[in-house]
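Subject: Handover of a structure for your reading

Dear colleague,

Please find below the structure that I am passing on to you. My notes on what was found in it follow directly after.

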Amino acid sequence: MTIEVNNLVKQFGAFKALDHVSLKVETGELLALLGPSGSGKTTLLRIIAGLDWPDSGSVHFDGQDALSRGAGERNVGFVFQHYALFRHMSVFENVAFGLRVQPRATRPSEDKIRSRVKELLDLVQLDWLADRYPSQLSGGQRQRIALARALAIEPRILLLDEPFGALDAKVRKELRRWLRQLHDEIHVTSIFVTHDQEEALEVANRVVVMDKGKIEQVGSPDEVYDHPASAFVHGFIGESIVLPVDVQDGRIRLGDRVLDLQSTNGVSGPSKLFIRRHDVAIGPAGSGVLEGDVKHVRAFGPTQRADIALHVGGNETLIEIDAPRDRDLKPGDIVGLRPRRFRLFAGV
Ligand code: ATP
């Protein structure tokens with residue numbers, strides 16, 4: 001089922017939580033809504049779900065108006081960050097719940113409910129927990145059960161709001177992979193909200209980057225990472241060094257120094273130079289585009305992170321660079337730095 005939202009506006013008092021948001025989600029997509037806290041992700045998801053209404057704009061599912069239908073009539077399954085499982089019901093009963101509360105005319109028989117719940121517990125690979133209660137499950141297991149419960153009604157759309165947000169890093173990683181695989185099996189049109197860029201890039205087919213109630217960019221994980229459309233997207237996705245520069249006639253000036261870099265995207269005037277922390281080659285003094293003193297080095301997983309002081313127009317600017325662990329770096333070294341890739345965005 002496709003989802004199309006057009007020109008959605010939602011205000012809370014004078015505050016615009018959604019500012020003319022338009023988006024089309026294709027059938028079977030797994031779309032991430034990515035943005036910082038307060039950017040409007042949950043508000044957009046709640047409007048699609050039918051838990052909230054916009055001030056203006058439209059929502060269509062497969063071309064049919066959705067706003068005239070309540071949440072219960074939209075055939076949408078939800079999973080939220082804080083597992084909304086019923087504490088007094090077993091896992092089995094939690095998953096069966098959506099089927100049992102259907103109107104008598106459409107409610108499946110007890111046999112059908114049993115076989116459907118078994119199928120769903122198999123799908124989330126937790127059939128062995130059917131008789132347990134939520135308090136006897138781990139956080140990750142609860143979220144998988146919450147997903148099985150959301151899928152019980154055979155929703156045409158699945159909405160997940162920070163589904164793994166409350167879990168520890170290792171479990172989150174496992175569940176991300178698991179969600180991807182599950183989606184490959186069931187192909188239901190899905191939107192999940194996250195503020196974690198790694199999660200969005202790893203799980204989604206397409207990523208929608210939001211800021212201040214607006215969509216900044218929509219693209220594949222590669223597109224938003226390799227070709228960020230704005231300074232905001234570049235700064236939010238991946239870790240970047242940001243330097244204030246001035247561009248005149250294609251020459252990039254940092255303080256009193258003209259950098260030996262070709263400006264590519266037609267930017268001119270006061271701008272920001274963005275370089276990802278791992279996109280910098282470090283060589284001996286005099287070999288780079290920039291020069292700096294290594295101040296501090298610390299191991300950081302497979303890489304090492306170095307604090308390097310650049311001398312720009314009499315001021316010291318501290319930047320952080322990620323380099324391979326085998327690169328010999330120590331405090332006091334003077335190094336030359338050459339960006340392998342960079343992007344310029346106009347504005348200060
Ligand atoms: P988070 O990642 O923190 O959940 P979000 O991107 O999902 O953030 P929303 O929950 O959509 O953001 O909120 C967007 C803005 O609207 C926030 O500034 C929030 O304070 C405001 N907001 C949301 N719901 C209400 C409400 N019921 N009343 C007033 N303001 C609200």
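Which residue follows helix 1, and what is the sign of its phi? The residue is G50, and its phi is positive, near 90°. Please bear in mind throughout that the model is predicted.

Overall picture

The chain contains eight helices and 20 strands. Along the principal axes, its C-alpha atoms fill a box of roughly 80 × 45 × 35 Å. Of the 348 residues in the chain, 35% are buried. Among contacts with a separation of 6 or more, 66% join residues that are 24 or more positions apart.

Helix 1 and the ligand

Helix 1 spans residues 41-49 and supplies three residues to the shell around the ligand, the largest share. The full set of residues around the ligand is F12, A17, G35, S37, G38, S39, G40, K41, T42, T43 and H195. Sorted by class, this shell holds eight polar residues, two nonpolar residues and one charged residue. Within helix 1, the buried residues are K41, T43, L44, L45, I47 and I48. K41 and T43 thus appear both around the ligand and among the buried residues of the helix.

The sheet beside helix 1

An open sheet is formed by four strands in the order 2-1-4-5, with antiparallel pairing. Its edges are strand 2 (15-25) and strand 5 (64-65), each of which pairs on one side only. Helix 1 packs on this sheet and touches strand 1 (3-12), strand 2 and strand 4, with its direction at about 120° to that of strand 1. Strand 4, residues 56-61, pairs with strand 5 over two bridges in the antiparallel sense. In that pairing, H60 stands opposite D65 of strand 5.

Nonpolar cores

The largest nonpolar core has 67 residues, and the members that touch the most others are A32, L33, I48, V95, A148, L159 and V208. Helix 4 (residues 139-151) contributes six residues to this core, the most of any element. Neighbours within four places in sequence aside, V95 is in contact with V117, L120, L121, I145, A148, R149 and A152. A second core, separate from this one, has 18 residues, including I241, L273, V335 and L337.

Strands 11, 12 and 14

Strand 11 (residues 240-248) has two antiparallel pairings to report. With strand 14 (residues 269-276), strand 11 pairs over eight bridges, and here F274 is the bridge partner of V242. With strand 12 (residues 251-254), strand 11 pairs over three bridges, and Q248 stands opposite R251. Two residues lie between the strands in the hairpin of strand 11 and strand 12, where D249 takes a positive phi near 50°.

Towards the end of the chain

L344 is found in strand 20 (residues 343-346). Is L344 buried or partly exposed? L344 counts as partly exposed because 19 C-beta neighbours lie inside 10 Å, whereas a buried residue needs 20 or more. L344 and L44 are 300 residues apart in sequence, and their C-alpha atoms are 31 Å apart in space. L44, for its part, is one of the buried residues of helix 1.

With kind regards

Notes
Residues are numbered from 1 along each chain as its sequence is written. This is a predicted model: local features need pLDDT of at least 70, side-chain atom pairs count only at pLDDT 80 or more; totals for chains, interfaces and linings use all residues. A residue is buried if 20 or more other C-beta atoms lie within 10 Å of its own, exposed if 12 or fewer, and partly exposed in between; C-beta atoms are placed from the backbone. Two residues are in contact if their C-beta atoms, placed from the backbone, lie within 7 Å. A residue is near a molecule or strand if its C-beta atom, placed from the backbone, lies within 6 Å of it. Ala, Val, Leu, Ile, Met, Phe, Trp, Tyr, Cys and Pro count as nonpolar, Asp, Glu, Lys and Arg as charged, and the others, Gly among them, as polar. Two strands pair if DSSP finds at least two bridges between them. Axes are lines fitted to C-alpha atoms, for helices over the stretch in contact, and angles run from 0 to 180 degrees between N-to-C directions. A nonpolar core is a set of buried Ala, Val, Leu, Ile, Met, Phe, Trp, Tyr and Cys residues joined through C-beta atoms within 7 Å.
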